[in-house]
Amino acid sequence: MNTTSSTLDLILFGGEPGDDGPDYDGLAAPEREAIAEAAATGVRAATWIRTLAARQDDEDNRQSLERYARAVERILSREIVPERDGPLEGELLYELDPAHFTLERPGAGPVDLAPAERVALAAIGAATASAPTAVLGDVASDLPRLCRLVDQALAVGQVPDCGV
């Protein structure tokens, strides 16, 4: 991996007020690298999702996609905790619900997304939601596979719309 530690320090080590970040001190180098790779993947995915959000005419849709981006980024960069007691729950998981961008909400306009973008968002959300439990196995091998899945979903979502 070719990422400098300073690039991800804000994400991995306390990028939010009052949050010291997860404790990765006892992990072996391959595990720390896999977690850093997941954080970088979360940043890439969130950046792409924010481009989709910026394109929305409807403020509710824009905010919903922004929350989706923040949830992806947070989960992949801060919620992968070795020895986790169970799967992700609560508000972060709720923000990854594909209903936020597949259904028209009352009072909101249609979400401006191509079919491939919707599929990519759903795949990114599903992979992201499962990331915290990926550490139940071998972090150094399982987490990079999950990151490749997110990257593949990003590639699908970035293909120009062919009017399908």
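Of the 164 residues in the chain, 39% count as buried. The model is predicted. Its secondary structure comes to seven helices and zero strands. From the N terminus on, the order of elements is α-α-α-α-α-α-α.

**Overall build**

- The chain has an accessible surface of about 8600 Å². Carbon and sulfur atoms hold 54% of that surface.
- Consider the contacts in the chain with a separation of 6 or more: 72% of them join residues 24 or more positions apart.

**The pair α2 and α3**

- Helix α2 covers residues 29-54, and helix α3 covers residues 59-78.
- Their axes come within 7 Å and cross at roughly 175 degrees.
- An angle over 145 degrees counts as roughly antiparallel, so α2 and α3 are roughly antiparallel to each other.
- The residues of the contact of α2 with α3 divide into 15 nonpolar, three polar and five charged.

**Helix α7**

- Helix α7 spans residues 139-157, which makes 19 residues.
- At 1.5 Å a residue, α7 should span 27 Å. Its end C-alpha atoms are 27 Å apart, so the model agrees with the expected span.
- Several residues of α7 are buried, among them Val139, Leu143, Pro144, Leu146 and Cys147.
- Further along α7, Val150, Ala153, Leu154 and Gly157 are buried too.

**Isoleucine 124, in α6**

- Isoleucine 124 sits in helix α6.
- Its relative accessible area is 0%, so isoleucine 124 is buried.
- Leaving out residues up to four places away in sequence, isoleucine 124 touches Ala45, Trp48, Ile49, Tyr68, Val72, Val150, Ala153 and Leu154.
- Of these partners, Val150, Ala153 and Leu154 are buried residues of α7.
- Isoleucine 124 and cysteine 147 are 23 residues apart in sequence. Their C-alpha atoms lie 9.5 Å apart in space.

**Glutamate 117, also in α6**

- Helix α6 runs over residues 115-134 and holds glutamate 117.
- Glutamate 117 has 10% relative accessibility; buried means under 20%, so this residue counts as buried.
- Neighbours within four places in sequence aside, glutamate 117 is in contact with Trp48, Leu52, Arg55, Asp112 and Gly157.
- Trp48 is also touched by isoleucine 124.

**Glutamate 95, in α4**

- Glutamate 95 lies in helix α4, which covers residues 91-95.
- Its relative accessibility is 8%, so glutamate 95 counts as buried.
- Not counting residues up to four places away in sequence, glutamate 95 touches Arg67, Tyr68, Ala71 and His100.
- Tyr68 is also among the contacts of isoleucine 124.

**Phenylalanine 101, in α5**

- Phenylalanine 101 is placed in helix α5.
- With 1% relative accessibility, phenylalanine 101 counts as buried.
- Apart from neighbours within four places in sequence, phenylalanine 101 is in contact with Leu65, Tyr68, Val111, Leu113, Arg118, Leu121 and Ala122.
- Phenylalanine 101 and arginine 118 are 17 residues apart along the chain. A distance of 7.3 Å separates their C-alpha atoms.
- Tyr68 appears here again, as it does in the contacts of glutamate 95.

**Arginine 105, in a loop**

- Arginine 105 is found in the loop between α5 (99-102) and α6.
- At 24% relative accessibility, arginine 105 counts as partly exposed.
- Arginine 105 touches Asp60, Asn61, Ser64 and His100, with residues up to four places away in sequence not counted.
- His100 is touched by glutamate 95 as well.
- Arginine 105 and aspartate 60 are 45 residues apart in sequence. From C-alpha to C-alpha, the two are 9.0 Å apart in space.

Terms used. Residues numbered from 1 in each chain as written. Predicted model: local features only at pLDDT ≥ 70, side-chain atom pairs only at ≥ 80, totals over all residues. Heavy atoms only, no water. Axes fitted to C-alpha atoms, helices over the stretch in contact; angles between N-to-C directions. Helix = DSSP H or I, 4+ residues; strand = E, 2+ residues; numbered from the N terminus. Parallel < 35°, antiparallel > 145°, perpendicular 65-115°, else oblique. Nonpolar A, V, L, I, M, F, W, Y, C, P; charged D, E, K, R; others polar. Expected span 1.5 Å × (residues − 1). Buried < 20%, exposed > 50% of the residue type's maximum accessible area, 1.4 Å probe, protein only. Contact = heavy atoms within 4.5 Å. Areas by Shrake-Rupley, 256 points an atom, 1.4 Å probe, with all protein chains shown as cover.
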